[in-house]
Amino acid sequence: MCVCTLLSVFISFCVSPALTPTLLISAGQSGTFTAHTDNMLWTLLTLIAALTYVDAAITLTQTPAVLTVAPGEEAVLKCNIERDYGNFVSWFKQTDGEDRQYVLRYYYGHNHPDFGTGFSSDRFHSKCTSKLDYQFIIKRAEIGDSAVYLCKAWDTSSEAWTVVFGAGSKLIVTNSTLPPHVLTVLPPSSANLCSDKAFLACLSTQSVPFGDVSWFAAGSPVDSGIFTSMAVQQPDQTFQISSYLAISMSDWNMDKVYTCRVSVGTQTSEKTINKSQCPTQE
């Protein structure tokens with residue numbers, strides 16, 4: 001429920017018509033406040049402040065979603081913390097069926113990270129490119145480093161501190177090269193032709209269950225109207241990621257060019273689509 005709705009509900013429930021004097025909220029009006037009314041308003045303001053804190057949790061953005069390197073190569077994973085509250089950013093290693101391992105923590109301006117058990121500066125490092133942008137670095141990757149790595153920070157914007165994790169970056173350390181993924185981009189279905197909105201579909205068939213999907217319209221990144229599925233394993237042991245982009249039919253009819261780009265490890269593929277390159281739809 002939004003704050004505005006809660007405000008109207010609170011006033012309707014708590015400010016009884018029997019109260020004298022009357023509380024007037026409308027712009028340009030005035031009212032006489034009793035101690036009882038003051039208490040209710042203070043409670044309301046406290047409630048709104050609490051809701052504001054709930055909505056203020058920071059978001060940690062990790063990139064890339066998947067990184068593939070060969071043994072001995074350097075691996076760099078990134079984490080943007082959105083806002084700086086003066087606290088350490090920690091990194092954890094998560095492998096299937098194992099407990100999450102604390103690797104290190106670092107804060108902007110410090111000389112070196114603090115390390116967890118079994119990890120040291122011999123191969124692991126962390127640094128910042130700004131107060132918001134952190135990097136986790138494995139200097140010489142080993143096969144055993146393959147895992148999902150998560151960054152963690154504290155949101156201290158309210159009295160109740162909150163632990164926030166990023167979505168994770170999948171690191172794959174392998175001697176073999178991943179086979180290329182196959183992209184298929186589909187136009188709006190004929191059922192959408194008479195409506196204002198339609199969907200483009202992008203299907204990525206690949207050998208691993210991770211990948212980054214992004215859309216572009218006329219060369220510019222699109223950040224809304226995107227619906228992307230988790231990877232689904234197919235009978236032939238490959239994986240398929242499906243992504244859909246909501247577009248306006250007016251843009252489609254104007255022959256705007258749309259691009260679906262998929263990154264899997266170090267490999268990136270893209271395909272474009274526009275109305276003129278598709279079979280005539282009636």
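Me: Which residues make the nonpolar surface patch of about 380 Å²?

Reply: Trp154, Trp161, Val163 and Phe165 make it. In general, patches are built from residues with over 30% relative accessible area and no salt bridge, joining like charges within 9 Å and nonpolar side chains (Val, Leu, Ile, Met, Phe, Trp, Tyr) within 5 Å. A salt bridge here is a side-chain nitrogen of Lys or Arg within 4 Å of a carboxyl oxygen of Asp or Glu. The areas come from the Shrake-Rupley method with a 1.4 Å probe, and for residues only the protein chains shown count as cover.

Me: What should I know about the model before I read on?

Reply: This is a predicted model, in which local features need pLDDT of at least 70 and side-chain atom pairs count only at pLDDT 80 or more, while totals for chains, interfaces and linings use all residues. Residues are numbered from 1 along each chain as its sequence is written, and side-chain values use heavy atoms, with hydrogens and water left out.

Me: Where is Phe165 placed, and is Phe165 buried or exposed?

Reply: Strands (E, at least two residues) and helices (H or I, at least four) are DSSP runs numbered from the N terminus. Phe165 belongs to strand E10, residues 162-165. For burial, buried means under 20% relative accessible area, exposed over 50%, and partly exposed in between (1.4 Å probe, protein chains only). Phe165 has 32%, so the label is partly exposed.

Me: How many disulfides are there?

Reply: A disulfide is a pair of cysteine sulfur atoms within 2.5 Å, and by that rule there are two. One is formed by Cys79 and Cys151, with sulfur atoms 2.1 Å apart. It links distant parts of the chain, 72 residues apart: Cys79 in strand E3 (residues 75-80) and Cys151 in strand E9 (residues 147-155). The link of Cys79 and Cys151 is right-handed, with 70 degrees about the S-S bond. Cys79 is buried at 1% relative accessibility, and Cys151 is buried at 0%.

Me: Which cysteine is joined to Cys202?

Reply: Cys260, with an S to S distance of 2.0 Å. Cys202 lies in strand E13 (residues 197-206) and Cys260 in strand E19 (residues 258-264), so this pair ties together parts 58 residues apart in sequence. The link of Cys202 and Cys260 is left-handed, with -80 degrees about the S-S bond. Both cysteines are buried.

Me: Why does Cys128 have no bond to Cys79?

Reply: The closest cysteine sulfur to that of Cys128 is in Cys79, but because they are 9.9 Å apart, the distance is too far for a bond. Cys128 is buried, at 19% relative accessible area.
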